[in-house]
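Colleague: I am new to this structure and would like a close look at one part of it. Please take me through the site where the ligands are bound.

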Amino acid sequence: MKNWLNLNYVQPFQSLPNTLFTYVQPRGLENPKLVVKSAACSQLIGLDEQCLDEPSSLNLLSGNGILNTWKPLAMKYTGHQFGHYNPDLGDGRGLLLTQVEHDKLIWDLHLKGAGPTPYSRQGDGRAVLRSSIREFLCSEALAALNIPTTRALCVMDSESPVYRETAETGATILRVAKSHIRFGHFEYCSFTKQHDLLKTLCEHTIAQHFPALLKQSSDNIYAAFYQEVLQRTAKLMAHWQSIGFAHGVMNTDNMSIIGDTFDFGPFAFLDDFDPTFICNHSDHQGRYAFNQQPNIANWNLAVLAQALLPLVPKESLIDILESYSETFQQYFIELMLPKLGLSKNNEANLSVIEKTLAMLAQCKLDYTFFFRKLGNIHVTAIQQELRNISMDINAFDEWFIHYQNALQENGQPLNSQHDTQRYLAMNRVNPKYILRNYLAQEAIEAAQQGDYSKVQTLHTVLLHPFDEQPEFESYAALPPDWGKKLEISCSS
Ligand code: AMP
Ligand code: MG
């Protein structure tokens, strides 16, 4: 393991034309303090995690200094926000500090909250502690759930005041990702008619992130690239829908070209299953409601197709785009069947998925709690527990008969020698611990008082979402009423 000085810095993004970025020096925060760090993330870049406790790290990761091998830059991009094109976007408060190669992979180190850039518009270039902690916990939790996501190395708190609805403290988060290239980068090149730049950006993205495409013979490599982006995006949506994750701000500038969960704002993991749940306080129309996410990804992919028009024939783009619904559906089924302990991809089992989701909505059952208990439904007490918390007992009973029949049809009837095997397999895909908003909120409130221990403990619990962790049983409990559907402010 290495220290900051001897990591392998590469920085390929800088080789792109400088219309895609501006070099910017970070602006430091006062008296930085380390809130939480991720050992798993530091391994990805080959950094000895002990380094993160040293004063030099505090400086580097709070914007108070850089290494002379780094050339921090702010990226230019545009994007569609809530359906409308915004030409003025870019990294307004984050800098790509540098890029590191480790184990044959290149990682971006992006410092969020590092001060203003030419793309800050009216913003102060800062991030507050609560949103930095939320992004840190969520990205590391999603990674532990095996969902594609950007990562986070650490959060730094400070004594610099930052003004939102009230005075708060400025913080930074060091985001680690294989790419910070967004759909919006392609929109910027295309909609400003910089077609050579668009081609260069596609070539760069393919070489770094989709090298397998270079080996395939295809009529049009850019069409193959679009097809791959669509696949990854559809897969990501299937992951979100199957785990009960609402992103909240699926603007095209928040869509990663490599299909990572990207840019964490007012996200939420569902508590009681409500398909129409809107986690973004400012999303009055419900454009980004939980059950809209797959459609919105489709819409965003259509915008990307439009951006690629200078490079790919329209008919090819339309053909590929038309495969989206089917692709999403296949991935979704693949993820949902094992959650239910079913294996066969047939009509009957597909109808069990539908019936289960309808029952969960009708009974207002907690999504994560239900699936975790489902593996044990052969135990009468567990079955009764779920029934008792159902808001519609008849709907629950009716569903239970269907489910029992389905298991029977699948050759794994309840109360047979298959129970244990099914229970173990289901526990590997149905997490016990997720980042519930109220848990994040409690940890944030303690951190705002200077006690970072709750954030660290929550992070530790979320590292092993599928394991039984008896000492942390309370983190798997149903949320208290005050903790359901918390409204999260967007002013992060
Ligand atoms: P987001 O909603 O976080 O995806 O941000 C949308 C755009 O606003 C991006 O271009 C951000 O860089 C920019 N932005 C958000 N917050 C700030 C801030 N405090 N200062 C400057 N720019 C910001
Ligand atoms: Mg964004």
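Modeller: What follows describes the surroundings of ligand 1 and then those of the magnesium ion. Please keep in mind that this is a predicted model.

Ligand 1 takes up the space of the largest pocket. Around ligand 1 there are 16 residues, and those that come nearest are G90, G92, D124, G125 and N254. By type, the shell around ligand 1 consists of 7 charged, 7 polar and 2 nonpolar residues.

Three side chains can be picked out by their distances to ligand 1. N254 has a side-chain N or O atom 3.1 Å from an oxygen atom of ligand 1. The other two face nitrogen atoms: a polar side-chain atom of R93 lies 3.3 Å from a nitrogen of ligand 1, and for R164 the distance from a side-chain N or O atom to a nitrogen of the ligand is 3.4 Å. As for cover, ligand 1 taken alone exposes 480 Å², and 78% of that is buried by the protein.

N254 also belongs to the metal site. The magnesium ion, which is ligand 2, is coordinated by N254 through OD1 and by D263 through OD, at 1.9 to 2.2 Å. Are these two residues, N254 and D263, buried or exposed? Both N254 and D263 are buried. N254 thus appears twice in this site, with a side-chain atom 3.1 Å from an oxygen of ligand 1 and with OD1 coordinating the magnesium ion.

Technical notes. Residues are numbered from 1 along each chain as its sequence is written. Chains are lettered from A and ligands numbered from 1 in the order in which they are written. This is a predicted model: local features need pLDDT of at least 70, side-chain atom pairs count only at pLDDT 80 or more; totals for chains, interfaces and linings use all residues. Side-chain values use heavy atoms; hydrogens and water are left out. A residue is near a molecule or strand if one of its heavy atoms lies within 4 Å of it. A polar contact is a pair of N or O atoms within 3.5 Å; within protein, one must be able to donate a hydrogen and the other to accept it, and residues adjacent in sequence count only if both atoms are side-chain atoms. Accessible areas come from the Shrake-Rupley method with a 1.4 Å probe; for residues, only the protein chains shown count as cover. On a 1 Å grid over the protein atoms alone, a cavity is a set of points where a 1.4 Å probe fits but cannot get out, and a pocket is an open set with protein on both sides within 12 Å along at least five of seven lines; lining residues have an atom within 4 Å of a point. A molecule sits in a cavity or pocket if more than half of its atoms lie within 2 Å of its grid points. Ala, Val, Leu, Ile, Met, Phe, Trp, Tyr, Cys and Pro count as nonpolar, Asp, Glu, Lys and Arg as charged, and the others, Gly among them, as polar. Donors are N, O and S atoms within 2.8 Å of the metal (3.2 Å for Na, K and Ca); water is not among the atoms, so sites may look incomplete. Buried means under 20% relative accessible area, exposed over 50%, partly exposed in between (1.4 Å probe, protein chains only).
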